[in-house]
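Q: Please take one helix and look at it closely, then explain how the part around it fits with the rest.

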Protein chains: 2
Amino acid sequence: MQRARAQVDEALDRFLPTAAVCPGVVNEAMRYSVFAGGKRLRPILTLAAADAAAAPHGHGSRDAGRIDALRLALPAACAIELIHTYSLIHDDLPAMDNDSLRRGRPTLHTIYGDGIAILAGDGLHAEAFTLLAREPQPAGDDPTLAARKLRVIQAIAEAAGPGGMVGGQVIDLQAAGQVPGSLLTLDRDGLRQMHSRKTGALLRASAVCGAIMSNAPAELVDAVDRYASDLGLAFQIVDDVLDVEGTSEQLGKTTGKDAAAAKPTYPSLYGLEASRALAMEYADRARRVLADAGLMSSHLPGILQWVVSRRS
Amino acid sequence: MQRARAQVDEALDRFLPTAAVCPGVVNEAMRYSVFAGGKRLRPILTLAAADAAAAPHGHGSRDAGRIDALRLALPAACAIELIHTYSLIHDDLPAMDNDSLRRGRPTLHTIYGDGIAILAGDGLHAEAFTLLAREPQPAGDDPTLAARKLRVIQAIAEAAGPGGMVGGQVIDLQAAGQVPGSLLTLDRDGLRQMHSRKTGALLRASAVCGAIMSNAPAELVDAVDRYASDLGLAFQIVDDVLDVEGTSEQLGKTTGKDAAAAKPTYPSLYGLEASRALAMEYADRARRVLADAGLMSSHLPGILQWVVSRRS
């Protein structure tokens, strides 16, 4: 994971526009948030899924196939991280979660103001699609590359849009009573549905797009999709538990905010103990999906393990 | 133009997601802004450029080529209108231009709050790329369709991003003194550059993408690009002049705001008379581009005429 993170960071720096192309302040602002020490879970998932799909199915030698998988999947991995970063910038705004601390640093709007924060988010959102349309460029004969890139663009845009991430954040605002005239009370099922949209959709797209770029067969794409769906729910439950148990110092963000905002969470609806058990249940299910698909020797089980055992 | 506008409105309604797919409130909010009586200049440009490129170059009969051009270009036309709409929603926010009236109706955030307005904008932004990746689907054998769609996605994303529209809005905020520590004073050249980004980039992409979808040769793509660039500057100058001369009732938006905000405009830097003359100069130049490219019998000169003679 360390190596994948370094590859992603290097590629993000290379793929992002420079101050030669866009006004300095928005360039600075975008880079401030992109290089704020994120975990890079989504791009790591993309690269791991691409690698897992390439290992048995790659052309030529196993190693050559895996190196090519990395090259093919890096743009999608980075584009998803740009979208994730834009969503954090917008979520932190006073009009939404009003958070001043993220990954141990002041949030973007506290430094540049709300206007530039909105625009830096919009800029990253657009840059993700510039990158997806442009890269990877064909190396040699690859007759289905353009079609695969279009599938990836559609998967990411749908995951990011009102049917996915944006829709989840809307439900979150409604549940927090922040939308005039449309307060939502979430039960357990509603909570799961909110998270399936808010974080699950983009996590699923992360894994799916890696597999697509490696030309995986439909069953393998479907397997990493189901794996990522369960991993996403486990991830969210752990997040909610850490928000109760962790300190701001450990997590680099304001803790105890959910309770303060009276937001529904896994601990508030299930209790801490049952929440931990539920996270394990989702993780077990994800592991079974990997086992059935013959993916236990890939990096995907390790990522799952990291997700459920992380302390920050 | 009336007919093209109706075709765009019908297609937008068909292409937008429904409440079955996304939370009701964001669906409502997106549609409120998309169907707020916009001029549809950008999609009309796309369709006109596609038609102009198809007329001499279409396969089979002239009419069949033109009908196919409409089918191929409608998704790009609508996607650009979705992006334009999202940008208006975000620009109207209190953190930016703080406008409460748009096209004669209350702006989105005054109804749903800033949070939902930001998210509705983000949702439309993502939907644009879902649409561009998904549509048009191939009808018969069209071996370059996927590659053309990718070119269109890249052109639109670049035009919308920090090198284009977002960058222009950043400069606009800096010129209005709204970015802490980075006040910009725009001279005539700086004003032109701001508008080239803020509205020019997406107008150029509108025309260019229509031509690309009709498989136009490079010289024709280049011609409609230069035409749209000059049309965009003429459009902006007329906008600035109307902001001084028009009434809120005519324009459906708050007038005199530029002067009140001490924003640099064409009238403030050139005077009203010279601004009008400059708009005519850009329009003449655009017309010469069309004449040289053999496009005077297309709808493109009529759109130019509308842009410079409009009263609202």
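**A covered helix and the chain contact**

A: Helix 8 of chain A, residues 165-175, is mostly covered, with eleven of its eleven residues buried. Here a residue is buried if 20 or more other C-beta atoms, placed from the backbone, lie within 10 Å of its own. Helices are DSSP runs of H or I with at least four residues, numbered from the N terminus. This is a predicted model, in which local features need pLDDT of at least 70 and side-chain atom pairs count only at pLDDT 80 or more, while totals for chains, interfaces and linings use all residues. Residues are numbered from 1 along each chain as its sequence is written, and chains are lettered from A and ligands numbered from 1 in the order in which they are written.

The buried residues of helix 8 of chain A include Met165(A), Ile171(A), Asp172(A) and Ala175(A). Helix 8 of chain A is followed by Gly177(A), which has a positive phi, near 70 degrees.

Next comes the contact with chain B. In all, 51 residues of chain A are in contact with 51 residues of chain B; contact requires C-beta atoms, placed from the backbone, within 7 Å. Helix 8 of chain A is among the elements that give two or more residues to the side touching chain B, as are helix 2 (24-34), helix 6 (114-134) and helix 7 (145-160). Helix 6 of chain A supplies the largest share of that side, 14 residues. Of the interface residues of chain A, 100% are also interface residues in chain B, so the copies meet through the same surface.

Key:
Two residues are in contact if their C-beta atoms, placed from the backbone, lie within 7 Å. A residue is buried if 20 or more other C-beta atoms lie within 10 Å of its own, exposed if 12 or fewer, and partly exposed in between; C-beta atoms are placed from the backbone.
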